[in-house]
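Grab a pencil and open the viewer. Here are some exercises on strands, sheets and helix packing, each with a worked solution.

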Amino acid sequence: MKRAPRVGVFGLLGSGNLGNDGSLEAVLGYLRAEHPDAVLTGLVGGPDVVRERYGVDTTPLHWNQAEYETASGLRSIVLKGLGKLVDIGRTAAWVRKQDVVIVPGMGVLEATLPLRPWGFPYSLFLLSATGRLFGTKVALVSVGANEISARATRTLVRWSGRLAAYRSYRDDISRDAMRAMGVDTRHDEVYPDLAFSLPTPDAGGAPGTVGIGVMAYYGGNDDRADGDRIYRHYVDTMNRFVAWLVDQGRPVRLFIGDRIDRQVVDEIIEKTASPLVTAASAETLDGLMHEMAAVDSVVATRYHNVLCALKVAKPTVAIGYAPKNDVLMTEMGLGAFTQRAKDVDFDRLVEQFTDLENRSAELHQTLLERNQMNAQRLKDQFAALSAALFGGGR
């Protein structure tokens, strides 16, 4: 009798980022539909959340539970260094038990936000290296990438990609970035973000409501010295835009994509002091899509806030922090409605939002058509994944 495949999921999952967990939901849905006999486990950042919410047996990604806290003394520095060594054995032991490990979506090959090489890039390299060592197939599925200038991070990301058994990307710029960093991408495909395979909730809610997806944004990896100024400009502009909407009597619903963004929501609510401004409490990407289905239009920053809005066919302005946001908007037919978070301009935002609402019916129809295309492409992706990792479907 053939043994059930042992399949692991890997990444900063269950750690408070709704987009990451939405990618996990998409992959779990595929596995449970097409490979229901698979034995699922996870090496993840938030093991308790993933275990309780998704029913997957989990192991913490890091031995040092304070891995992503800033080292503040000799003891914490020593623990971080020791953790790097311990994690080699922990990762190897977990990988060795799997037949396949899937890294579901996420920007695991990019450094568009502040990132240290010894953080997640190191963990991902350990995964790919031990996978190659033990013959476990590591699959990077619909992931994001960008060309990285920092030498150590670039090296770890390049080798993580090279050693993986399967790679696909969520856009062309990600594949191009990996090629530029020395990965042979001739057989790698581009598919939509995995979240486009999730169920789409029905629309409905208070007419005229505007959804605002905010972010605790301090710039990118090269902006550390200027992070506080960038954050202040972004938050002040969003405060001003929300106040402008309130002055027109428009209800505003605030969204986040990561728990760190809550600080921005709290500041906007305090400054506007209006009953028209409320905050969503969604803890999953599915919950966020249900919330966004209840608004008329959206202005958002985090990539998966923008994606959720487009997925539920809401005309959207993206205040992005990386080229991936612009690419997504262009692919969905809304390329004219983008800005950069680093230098977001209030007057231009008002102009874009006004134009967006004037073209609402046309843009809504465009989004419905693009969403159908994305759903079909992801069916193709899952069929290709089954062939590559399991030798076929069910």
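**Exercise 1. Find which residue of S10 stands opposite Arg-253, then work out how S9 and S10 pair.**

Keep in mind that this is a predicted model. Start with the residue: Arg-253 stands opposite Thr-278 in S10. Next, look at Val-252, which has Val-277 of S10 opposite. Now take the strands as a whole: S9 and S10 (residues 277–279) run parallel and are joined by three bridges. Last, trace the connection: S9, helix H8 (residues 262–272) and S10 form a right-handed β-α-β unit.

**Exercise 2. Go to the other neighbour and find the bridge partner of Gly-213 in S9.**

The partner is Phe-255. Zoom out to the strands: S8 (residues 210–213) and S9 (residues 252–255) are parallel, with four bridges between them. The link here is helix H7 (residues 227–247), and S8, H7 and S9 make a right-handed β-α-β unit.

**Exercise 3. Put the strands of the six-stranded sheet in order and pick out its edges.**

Step one is the order, S10-S9-S8-S11-S12-S13, in an open sheet with parallel pairing. Step two is the edges: S10 and strand S13 (338–340) each pair on one side only. Step three is the twist, which averages 20° from one strand to the next. To finish, add a helix: H11 (residues 323–331) lies across strand S12 (316–320) and S13, and runs at about 160° to S12.

**Exercise 4. Do the same job for the seven-stranded sheet: what is its strand order, and which strands stand at the edges?**

The order is S3-S2-S1-S4-S5-S6-S7, again an open sheet with parallel pairing. At the edges stand strand S3 (57–60) and strand S7 (189–190); each has a single partner strand, so one side of each lacks a neighbour in the sheet. Check the S3 end in detail: strand S2 (residues 39–44) pairs with S3 in the parallel sense over four bridges. Within that pair, Leu-43 stands opposite Thr-59.

A reminder on the chemistry: strands of a sheet pair through backbone hydrogen bonds, either parallel or antiparallel.

**Exercise 5. Find the strands that H1 lies across.**

They are strand S1 (6–11), S2 and strand S4 (100–104). For the direction, compare with S4: H1 runs at about 140° to that strand.

**Exercise 6. Now describe how H1 packs against H13: parallel or perpendicular?**

First get the geometry: the axes of H1 (residues 18–34) and H13 (residues 360–390) come within 11 Å and cross at roughly 65°. The two helices are therefore roughly perpendicular to each other. The crossing of H1 and H13 is right-handed. Then list who touches whom: H1 brings Ala-26, Tyr-30 and Leu-31, while H13 brings Phe-382, Leu-385, Ser-386 and Phe-390. Sorted by class, this contact of H1 with H13 has six nonpolar residues, one polar and no charged ones.

**Exercise 7. Repeat the analysis for H1 and H9.**

The axes of H1 and H9 (residues 285–292) come within 8 Å and cross at roughly 110°. That makes H1 roughly perpendicular to H9. On the H1 side the contact uses Leu-18, Gly-19, Gly-22 and Glu-25, and on the H9 side Leu-285, Asp-286 and Leu-288. By class, the contact of H1 with H9 comes out as three nonpolar, two polar and two charged residues.

**Exercise 8. Finish with H4 and H5: are they parallel or perpendicular, and is their crossing left-handed or right-handed?**

The axes of H4 (residues 120–134) and H5 (residues 151–163) come within 8 Å and cross at roughly 30°. An angle under 35 degrees counts as roughly parallel, so H4 and H5 are roughly parallel to each other. Their crossing is left-handed. For the contact, H4 supplies Pro-121, Tyr-122, Leu-124, Phe-125, Ser-128, Ala-129 and Arg-132. H5 answers with Thr-153, Leu-156, Trp-159, Ser-160, Arg-162 and Leu-163. Tallied by class, the contact of H4 with H5 has eight nonpolar, three polar and two charged residues.

Notes: Residues are numbered from 1 along each chain as its sequence is written. This is a predicted model: local features need pLDDT of at least 70, side-chain atom pairs count only at pLDDT 80 or more; totals for chains, interfaces and linings use all residues. Side-chain values use heavy atoms; hydrogens and water are left out. Axes are lines fitted to C-alpha atoms, for helices over the stretch in contact, and angles run from 0 to 180 degrees between N-to-C directions. Angles under 35 degrees count as roughly parallel, over 145 as roughly antiparallel, 65 to 115 as roughly perpendicular and the rest as oblique. A crossing is left-handed if the near helix is turned anticlockwise from the far one by less than a right angle, and right-handed if clockwise. Contact means heavy atoms within 4.5 Å. Ala, Val, Leu, Ile, Met, Phe, Trp, Tyr, Cys and Pro count as nonpolar, Asp, Glu, Lys and Arg as charged, and the others, Gly among them, as polar. Two strands pair if DSSP finds at least two bridges between them. A crossover is right-handed if, with the strands pointing away from the viewer, the path from the first strand over the helix to the second runs clockwise.
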